[in-house]
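Visitor: I would like to learn how to read a protein model feature by feature. Where should we start?

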Amino acid sequence: MRRGIPAYMLGGLIILVGFIASLTLILSIPSPLTTVTGYLNLTANAYLGFGNNLLVIIGTNNFNFPIKELNIYIPRTGTNITIGSSIPSGSYFLVMIYQEPNNTVIIAPGLSITGSPGNLANLTKSGVAYSLNTTAMVYDVVKNSVFQLTTQDSGIIYAVPVITNLSKPILGIYVFQMAPMGSAEVMGFNLISLGQQVIGEVKCNVSEPIPVLPSGLTYFVINISSINGTLTPLGIWYTCNATPTSSLPSLLYLNLALKYVYTYNSIVINREDWFSVYIVPMQMSNT
């Protein structure tokens, strides 16, 4: 004689099935803990030189999760690049595209970049704003944003000084020559803090001129907690009249002045240009 399932077992089975169905429903509802909030902050500036152009993009991940992938597209230039590295929440990132007539260099500390740099020569007017579109992948959620790219004229050289690690008093300086002909040499530099009430300045000399290559870029690092030292990786000795970190009232309003000589055939130009220091803490950077 066949027997059916005992009532107590049938009741337990119904309860188990109901529990699994409820659990599946709960898991299908997005958890507040995984809801993507925040935004991407980004500034983009293009510096138009005498045949060479430089695009500087600085952004901050203000989302509550890391950005897994970030695409940047500029319709005017055809620039279409993708940052494939993870950008932690709260971290900054820096991308520079330096373009000569026959060469392009992309600099992105701590990041992996793919795609096309486009043609920066299509930025023909200074003082103009162009659209810049971004697509960020944040916790498998797509976030689209539109920003402005502004243009301005550059001098003979342009420098991008950055502090990427607040726990290390290291100032990295990227120097670009904005003319494809001639050559420039940096003869010294000053660090100037332009606070609201106090202005401080530290003057530094170098043991030999720092060459600025007419193609590519020149990069060197200064330890601003020391009164003297060696510019790495150039191996050039420098000495200052004071220690920058203890003599300047604030690093928040820090500027770098480069004194340089530009030579092209019989033309010799002595200049001193000022550049704002960017403080861009990068969790992916050790420098």
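Guide: With the secondary structure: helices and strands are DSSP runs, a helix needing at least four residues and a strand at least two, and they are numbered from the N terminus. The model here is a predicted one.

Visitor: How many helices and strands are there in the chain?

Guide: The chain has two helices and 19 strands.

Visitor: What do the totals for the chain look like?

Guide: The chain has 287 residues, of which 41% count as buried. Its exposed area is about 14,600 Å², with 57% of that supplied by carbon and sulfur atoms. For contacts between residues at least 6 apart in sequence, 63% join residues at least 24 apart.

Visitor: How do I read a sheet, and what is the strand order in the open sheet of nine strands?

Guide: Strands of a sheet pair through backbone hydrogen bonds, either parallel or antiparallel. In this model the order of the nine strands is β6-β5-β2-β1-β9-β8-β3-β4-β7, and the pairing is mixed. β6 (103–107) and β7 are the edge strands, each pairing on one side only. From one strand to the next the twist averages 15 degrees.

Visitor: Which strands does β8 pair with?

Guide: Strand β3 (residues 67–74) is joined to β8 by six bridges, and the two run antiparallel. Across that pairing, Glu-69 stands opposite Met-137. Strand β9 (residues 141–153) is joined to β8 by ten bridges, also antiparallel. There Thr-134 of β8 faces Ser-145 of β9.

Visitor: What connects β8 and β9?

Guide: They form a hairpin with two residues between them. In the turn, Tyr-139 has a positive phi of about 50 degrees.

Visitor: And what is on the far side of β3?

Guide: β3 is joined to strand β4 (residues 79–83) by five bridges, running antiparallel. Tyr-73 has Asn-80 of β4 as its bridge partner.

Visitor: Which side chains of β8 point to the buried face?

Guide: The side chains alternate along β8 (residues 129–138). Tyr-130, Leu-132, Thr-134, Ala-136 and Val-138 point to one face and are buried. Ala-129, Ser-131, Asn-133, Thr-135 and Met-137 point to the other face and are not buried.

Visitor: Is Gly-127 buried or exposed?

Guide: The cut-off for exposed is over 50% relative accessible area. Gly-127 has a relative accessibility of 70%, so it counts as exposed. Gly-127 lies in the loop between β7 (113–116) and β8. Leaving out residues up to four places away in sequence, Gly-127 touches Thr-151 and Gln-152. The C-alpha atoms of Gly-127 and Asp-153 are 8.1 Å from each other, with the two residues 26 apart along the chain.

Visitor: What is the strand order in the sheet of six strands?

Guide: This open sheet has the order β15-β16-β13-β12-β17-β18, with antiparallel pairing. β15 (228–231) and β18 (267–276) are its edge strands, and each pairs on one side only. The twist averages 20 degrees from one strand to the next. Within the sheet, three bridges join β13 to β16, and Val-206 stands opposite Tyr-238 of β16.

Visitor: How should I read a disulfide, and which residues does one join here?

Guide: A disulfide is a covalent bond between the sulfur atoms of two cysteines. To call one from coordinates, the two sulfur atoms must lie within 2.5 Å. By this rule the count is one disulfide. The link joins Cys-204 to Cys-240, with an S to S distance of 2.1 Å. It connects distant parts of the chain: Cys-204 is in strand β13 (residues 199–212) and Cys-240 in strand β16 (residues 236–240), 36 residues apart. The link of Cys-204 and Cys-240 is right-handed, with 100 degrees about the S-S bond. Both Cys-204 and Cys-240 are buried.

Visitor: How many residues does the largest nonpolar core have?

Guide: In soluble globular proteins, nonpolar side chains tend to be buried together. Here the largest nonpolar core has 49 residues, and those with the most contacts inside it are Leu-54, Met-96, Ile-157, Val-160, Phe-176 and Leu-258. Strand β10 (residues 157–163) gives the largest share of this core, six residues. Another core, of 30 residues, lies apart from it and includes Leu-55, Ile-83, Leu-132 and Val-138.

Visitor: What does Leu-258 touch?

Guide: Residues up to four places away in sequence are not counted; among the others, Leu-258 touches Ile-157, Ala-159, Val-175, Val-186, Gly-188, Phe-189, Arg-271, Glu-272, Asp-273 and Phe-275.

How values were computed: Residues numbered from 1 in each chain as written. Predicted model: local features only at pLDDT ≥ 70, side-chain atom pairs only at ≥ 80, totals over all residues. Heavy atoms only, no water. Buried < 20%, exposed > 50% of the residue type's maximum accessible area, 1.4 Å probe, protein only. Pairing = 2+ DSSP bridges. Contact = heavy atoms within 4.5 Å. Axes fitted to C-alpha atoms, helices over the stretch in contact; angles between N-to-C directions. Areas by Shrake-Rupley, 256 points an atom, 1.4 Å probe, with all protein chains shown as cover. Core = buried A, V, L, I, M, F, W, Y, C linked by side-chain atoms within 4.5 Å.
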